[in-house]
Amino acid sequence: MLKEPKSMDECSFFTRRILDDDGTRLVAWVPKGTNVVNVIYICGKCGKKGEVTQEYKKPITFVCEHCGHKIVVEPIKKFRGRRKKSS
Ligand SMILES: [Zn+2]
């Protein structure tokens, strides 16, 4: 079982997302010093929880182990709505 990292300091990449397309919820991260991405997801199609570890490539793409649904984690574009002023 994968465990979410305790601290962002352990990761070179971290994202927590709900995908617009299909409602898949996921947490994905790349432990520092590796080229491997870990993903814990709840499939938007079958609603089951799964996890994958694979080579880190953008966009992160994987297939639900339960129903075969293809899940693509698109890179985040700009946040809609409120924009924080940079200080
Ligand atoms: Zn599924």
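Talking through a predicted all-strand model

Modeller: In the protein chain, residues 24 or more positions apart account for 16% of the contacts that have a separation of 6 or more. Keep in mind that this is a predicted model.

Biologist: OK, what's the average pLDDT of the protein chain?

Modeller: Going by residues, 89% score at least 70. Among the elements, β1 has the lowest mean, 95, while β3 has the highest, 98. The average over the protein chain is 91.

Biologist: In what order do the elements run from the N terminus on?

Modeller: There are zero helices to fit in, just six strands. So from the N terminus on, with strands taken as DSSP runs numbered from that end, the elements read β-β-β-β-β-β.

Biologist: Which strands stand at the edges of the four-stranded open sheet?

Modeller: The sheet is antiparallel, with the order β1-β2-β3-β4. From one strand to the next, the twist averages 10°. An edge strand here has a single partner, so one of its sides has no neighbour in the sheet, and that applies to β1 and β4 (49–55).

Biologist: How many bridges pair β1 with β2?

Modeller: β1 covers residues 11–18 and β2 covers residues 25–31, and they run antiparallel. One place to look is Arg16, which stands opposite Val27 in β2. In total, the bridges between these two strands number seven.

Biologist: And which residue in that β1–β2 hairpin takes a positive phi?

Modeller: The hairpin has six residues between its strands. The phi in question is near 80°, and it belongs to Gly23.

Biologist: Moving along, which residue in β3 is the bridge partner of Trp29?

Modeller: β2 joins β3 (residues 36–42) in the antiparallel sense through five bridges. At one place, Arg25 stands opposite Ile42 in β3. The hairpin of β2 and β3 has four residues between the strands, and Gly33 in its turn has a positive phi of about 80°. As for Trp29, its bridge partner in β3 is Asn38.

Biologist: Which element gives the most residues to the largest nonpolar core?

Modeller: That core has 10 residues, among them Leu26, Trp29, Tyr41, Ile60 and Ile71. Elements giving two or more residues to this core are β2, β3 and β5 (60–63). With three residues, the one giving the most is β2.

Biologist: What share of the 87 residues is buried?

Modeller: Buried here takes 20 or more other C-beta atoms within 10 Å. In the protein chain, the share of residues that count as buried is 14%.

Biologist: Which residue of β6 does Ala28 touch, leaving out residues up to four places away in sequence?

Modeller: Ala28 is one of the residues in the core. Its partners include Thr15, Val37, Asn38, Val39 and Ile60. β6 covers 70–73, and the partner of Ala28 that falls there is Val73.

Biologist: Which residues make up the covered face of β5?

Modeller: In a regular strand, side chains alternate between the two faces of the sheet. In β5, the uncovered face has Thr61 and Val63. The covered face is Ile60 and Phe62.

Biologist: What is the bridge partner of Ile60 in β6?

Modeller: β5 and β6 are antiparallel, with four bridges. They form a hairpin with six residues between them, where Gly68 in the turn has a positive phi of about 80°. Opposite Ile60 in the bridge is Val73.

Biologist: Is Cys67 buried or exposed?

Modeller: Cys67 is in the loop between β5 and β6. Beyond its neighbours within four places in sequence, Cys67 is in contact with Cys43, Lys45 and Cys46. Even so, it has 12 other C-beta atoms within 10 Å, and because exposed means 12 or fewer, Cys67 is exposed.

Biologist: How far apart are the C-alpha atoms of Cys67 and Lys45?

Modeller: Along the chain, these two are 22 residues apart. In space, their C-alpha atoms are separated by 7.8 Å.

Biologist: Last one: how far apart in space are Asp9 and Lys32, C-alpha to C-alpha?

Modeller: Asp9 is found in the segment before β1. It counts as exposed because it has 7 C-beta neighbours inside 10 Å. Asp9 and Lys32 are 23 residues apart in sequence, and in space their C-alpha distance is 8.1 Å.

Key:
Residues numbered from 1 in each chain as written. Contact = placed C-beta atoms within 7 Å. Pairing = 2+ DSSP bridges. Core = buried A, V, L, I, M, F, W, Y, C linked by C-beta atoms within 7 Å. pLDDT = per-residue confidence, 0-100. Axes fitted to C-alpha atoms, helices over the stretch in contact; angles between N-to-C directions.
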